[in-house]
Amino acid sequence: MKTLVVVPTYDECENVGPLLDEIRKLGVPDLDVLVVDDASPDGTAERVREYARRNGFGDVLLREGEKGRGHAGREGFLAALDRGADRIVEMDADFSHDPRYIPSLLSGLDDHDVMLGSRFVHGGSDTDRALWRRWLTTAANAYIRLVFGIGVRDANSGFRSYRREALLRLDPKSLRSPGPAIVQEILFRAHRRGLRVGEVPVVFSDRVRGDSKLGWWQLWQGYVTVLRLRARELFGGGS
Ligand SMILES: Nc1nc2c(ncn2[C@@H]2O[C@H](COP(=O)(O)OP(=O)(O)OP(=O)(O)O)[C@@H](O)[C@H]2O)c(=O)[nH]1
Ligand SMILES: [Mg+2]
């Protein structure tokens, strides 16, 4: 069974090498990593190519055109389907998503279509983070659950796994979010299309190397996207 881990990156040259190392050392059979890079000026893509040359592990998809976490996620999903992946994992490059949870995200797919790495189920946490970030995440979660009418504990988690058939049903090509709100857009679709969504506990840590790309504008866009998706459902346009 072929597994592909999709990692969108922008200026993560300090993180990608160690990340590829840790994922490789998990020893999951027939697993590879696809880094989806938006031509990062810090040379992230070149770092991945070098790593792949030396270790025969990892690959990079270099994007051109409009940058964005959402655009990169969508292209990564399409590439994963194109490459025949049976299971797809998506995760950040900054070690907030610890690779050691990949095996449990994958085994959860035995009886689910989509698995979320969750900070808010028993055994998960985000206590390493600044208080204001934790508060923001809690508020965003409450808002998303209310507007979408869903019960998942960690609606904002971008650490996820998908069965191939589930990803096909999510129809990544038609996802619209240019930025990080793609995470909510997918969850909304997964719920409305009746996919079985499960959660496994993860401990989330703040990034140590490199800078966050998440600004107030993206956060705001996330809130607007959630409302827009629900409004489109209520007043026409589908999910
Ligand atoms: N390809 C691509 N990747 C991006 C872009 N913006 C962010 N990323 C990647 O998406 C992942 C999440 O971005 P972060 O900047 O860590 O944002 P975040 O995790 O939501 O916010 P923090 O908690 O502050 O780190 C990282 O792997 C980034 O490198 C982008 O425009 N294009
Ligand atoms: Mg991050």
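**View 1. Asp11 and Asp30, two loop residues with positive phi.** Asp11 is partly exposed, because 17 other C-beta atoms lie within 10 Å (a residue is buried with 20 or more other C-beta atoms within 10 Å of its own, exposed with 12 or fewer, and partly exposed in between, the C-beta atoms being placed from the backbone). The model is a predicted one, in which local features need pLDDT of at least 70 and side-chain atom pairs count only at pLDDT 80 or more, whereas totals for chains, interfaces and linings use all residues. Residues are numbered from 1 along each chain as its sequence is written, while chains are lettered from A and ligands numbered from 1 in the order in which they are written. Asp11 belongs to the loop between strand 1 and helix 1 (13-25), and its phi is near 50°. Asp30, in the loop between helix 1 and strand 2, has a phi near 55° and counts as exposed, with 11 C-beta neighbours inside 10 Å. Most residues other than glycine have a negative phi.

**View 2. The open, mixed sheet of 7 strands.** The strands follow the order 3-2-1-4-6-5-7; helices (H or I, at least four residues) and strands (E, at least two) are DSSP runs numbered from the N terminus, and two strands pair if DSSP finds at least two bridges between them. Strand 3 (59-62) and strand 7 (197-201) are the edges, each with a single partner strand, so one side of each has no neighbour in the sheet. From one strand to the next the twist averages 20°. Strand 1 and strand 2 are paired in the parallel sense over 7 bridges, and Leu4 stands opposite Asp32 in strand 2.

**View 3. The surroundings of ligand 1.** Of the 20 residues around ligand 1 (near means a C-beta atom, placed from the backbone, within 6 Å), Pro8, Ala72, Ser212, Lys213 and Leu214 come nearest. Strand 1 (3-9), strand 2 (31-37) and helix 3 (69-82) are the elements that give two or more residues to this shell. The shell holds 7 nonpolar, 4 polar and 9 charged residues (Ala, Val, Leu, Ile, Met, Phe, Trp, Tyr, Cys and Pro count as nonpolar, Asp, Glu, Lys and Arg as charged, and the others, Gly among them, as polar).

**View 4. The packing of helix 7 against helix 8.** Helix 7 (residues 182-192) and helix 8 (residues 216-235) pack at an angle of about 25°, their axes 9 Å apart, where axes are lines fitted to C-alpha atoms, for helices over the stretch in contact, and angles run from 0 to 180 degrees between N-to-C directions. The two helices are therefore roughly parallel to each other (under 35 degrees; over 145 is roughly antiparallel, 65 to 115 roughly perpendicular and the rest oblique). Helix 7 passes helix 8 in a right-handed crossing, the near helix being turned clockwise from the far one by less than a right angle.
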